[in-house]
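Subject: Structure handover and findings

Dear colleague,

Please find the structure below, handed over for your records. A summary of what was found in it follows.

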Amino acid sequence: APGDPETLYLAAANDFDGDRGALFVSRDDGASWTRAEPGVLLKTPIFGLAVDPANPDNVFYSSKIGQVCCSW
């Protein structure tokens, strides 16, 4: 996350062309991870993540079915 080197985001999926995705966040430089709940069911892998430099709690992600923003 911009301005916070200890905050890391991770996108995961069950396969490149899978039917499930997940987002994780670490606030302690990767020592522990929490599954992020973006408010929508992720039925596709996440292909890209971007953090809002003005508000690092806003994370944008893209998938095969569109783009979404969520805050954690």
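Among the elements of the protein, strand β6 (residues 66-71) has the lowest mean pLDDT, 64, and β3 has the highest, 85. Here pLDDT is the predictor's confidence in each residue, from 0 to 100, and strands are DSSP runs (E, at least two residues) numbered from the N terminus. Over the protein, pLDDT averages 79, and 86% of the residues score at least 70.

This is a predicted model, in which local features need pLDDT of at least 70 and side-chain atom pairs count only at pLDDT 80 or more, while totals for chains, interfaces and linings use all residues. Residues are numbered from 1 along each chain as its sequence is written, and side-chain values use heavy atoms, with hydrogens and water left out.

Overall composition

The protein has 6 strands and 0 helices (H or I runs of at least four residues). Of its 72 residues, 26% are buried, that is, under 20% relative accessible area with a 1.4 Å probe and protein chains only. About 4,500 Å² is exposed, by the Shrake-Rupley method with a 1.4 Å probe, and carbon and sulfur atoms supply 53% of that area.

Strand pairing

An open sheet is formed by 3 strands in the order β1-β2-β3, with antiparallel pairing; two strands pair if DSSP finds at least two bridges between them. β1 (8-13) and β3 (34-36) stand at the edges with a single partner strand each, so one side of each has no neighbour in the sheet. β1 is joined to β2 (residues 21-26) by 6 bridges, and L8 has S26 as its bridge partner in β2.

Further along, β4 (residues 46-51) and β5 (residues 58-63) run antiparallel and are joined by 5 bridges. These two strands form a hairpin with 6 residues between them, and the bridge partner of L49 in β5 is Y61.

Surroundings of W33

W33 lies in the loop between β2 and β3. Its relative accessible area is 39%, so W33 counts as partly exposed (between the 20% and 50% limits). Not counting residues up to four places away in sequence, W33 touches L8, Y9, L10, F24, V25 and S26, where contact means heavy atoms within 4.5 Å. Y9 is 24 residues from W33 along the chain, and their C-alpha atoms are separated by 9.0 Å. The side chain of W33 also reaches the backbone oxygen of G30 at 3.3 Å.

Yours sincerely

Conventions
A polar contact is a pair of N or O atoms within 3.5 Å; within protein, one must be able to donate a hydrogen and the other to accept it, and residues adjacent in sequence count only if both atoms are side-chain atoms.
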